[in-house]
Amino acid sequence: MTMPCLIRPATRGDAAVLVGLITELAEFEQLTHLLRVTPQSLADNLFGDRPVAEAVVAECDGQPVGFALFFSNFSTFLGQPGLYLEDLYVQPAHRGTGIGRMLLAYLGALAVERGCGRFEWSVLDWNARAISFYERMGATVMPEWRICRVTGEALARFGASCDPADKIDAG
């Protein structure tokens with residue numbers, strides 16, 4: 001008997017499975033050279049003393065086939081919290097079966113339940129299939145916005161340029 005697919009919150013025990021799915025995502029996006037995550041680092045950040053993100057797992061027939069990793073943000077214009085989807089991935093064999101829609105709907109419902117004013121994410125400009133899917137789901141792709149990122153050595157230099165304990169005298 002085939003079991004239905006379900007979406008459930010990730011647990012600490014899912015860390016290795018999530019890293020496996022994240023690795024598949026990195027391969028799909030041709031970004032494996034950026035991959036540094038380990039089951040321990042992921043578990044620490046999702047389930048440690050100060051969790052900074054959350055994840056849900058999509059399972060079909062008891063097997064993990066996808067995930068979504070997300071965190072809270074805040075809109076100064078709305079004056080409300082938001083939900084930011086960092087990554088969503090469904091294994092190729094399970095695409096087109098409604099799992100991606102289930103993951104997005106689950107997070108949309110969570111955003112509403114938490115009183116969020118926005119549910120946002122980014123998509124690679126070459127991923128036309130995903131862009132079309134998100135638009136069909138009701139999302140607005142915002143081409144006028146660009147992502148700014150500082151990472152690695154550049155982040156170390158950036159962070160060293162100002163001590164947060166310093167006070168600026170604007171007078």
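**Bonds and burial in a predicted chain**

Colleagues, I begin with one residue: S75 has a relative accessible area of 7%, so it is buried. In these remarks, buried means under 20% relative accessible area, exposed means over 50%, and partly exposed is everything in between, with a 1.4 Å probe and protein chains only. The model is predicted, so local features need pLDDT of at least 70 and side-chain atom pairs count only at pLDDT 80 or more, whereas totals for chains, interfaces and linings use all residues. Residues are numbered from 1 along each chain as its sequence is written, and side-chain values use heavy atoms, with hydrogens and water left out.

Let me return to S75. This serine belongs to strand β3, which covers residues 63-75. When residues up to four places away in sequence are set aside, S75 touches Q80 and R118. Contact here means heavy atoms within 4.5 Å.

I turn now to the chain as a whole. It contains 5 helices and 5 strands, and their order along the sequence is β-α-α-β-β-β-α-β-α-α. Helices (H or I, at least four residues) and strands (E, at least two) are DSSP runs, numbered from the N terminus. Along the principal axes, the C-alpha atoms fill a box of roughly 70 × 35 × 30 Å.

What share of the 171 residues is buried? The figure is 28%. The accessible surface of the chain is about 11,500 Å², and carbon and sulfur atoms supply 57% of that area. These areas come from the Shrake-Rupley method with a 1.4 Å probe, and for residues only the protein chains shown count as cover. Among contacts with a separation of 6 or more, 57% join residues that are 24 or more positions apart.

Next, the charges. The chain carries 14 positive and 20 negative side chains, and the centres of these two sets are 3 Å apart. Lys and Arg count as positive and Asp and Glu as negative, while His and the chain ends are not counted. Each charge is placed at NZ of Lys, CZ of Arg, CG of Asp or CD of Glu.

How many salt bridges does the chain have? The count is 3, where a salt bridge is a side-chain nitrogen of Lys or Arg within 4 Å of a carboxyl oxygen of Asp or Glu. R8, D14 and E59 are linked in a network of such bridges. One bridge of the network joins R8 to D14, at 2.7 Å from N to O. Another joins R8 to E59, at 2.9 Å from N to O. This second pair connects distant parts of the chain: R8 is in strand β1 (residues 6-9) and E59 in strand β2 (residues 54-60), with their positions 51 residues apart.

The members of this network differ in cover. R8 is partly exposed, because its relative accessible area is 21%. D14, at 8%, counts as buried, and so does E59, at 16%.

A further salt bridge pairs R114 with E54, whose closest N and O atoms are 2.7 Å apart. This pair also links distant parts of the chain, with R114 in the loop between α3 and β5 (118-121), E54 in strand β2, and 60 residues separating them. R114 is partly exposed at 34%, and E54 is partly exposed at 29%.

I come to the cysteines. The chain has 1 disulfide, a disulfide being a pair of cysteine sulfur atoms within 2.5 Å. Which residues does it join? It joins C5 to C60, with an S to S distance of 1.9 Å. The torsion about the S-S bond is about 110°, and the disulfide is therefore right-handed. Because C5 lies in the segment before β1 and C60 in strand β2, the pair ties together parts that are 55 residues apart in sequence. C5 is partly exposed, at 32% relative accessibility, whereas C60 is buried, at 6%.

Two other cysteines deserve a mention. Is C148 buried or exposed? C148 is exposed, since its relative accessible area is 77%. C116, at 17%, counts as buried.

I close with R101, which sits in helix α3 (residues 99-113). With 41% relative accessibility, R101 is partly exposed. Beyond its neighbours within four places in sequence, R101 is in contact with F133 and M137. The C-alpha atoms of R101 and F133 are 8.7 Å apart, although the two residues are separated by 32 residues along the chain.
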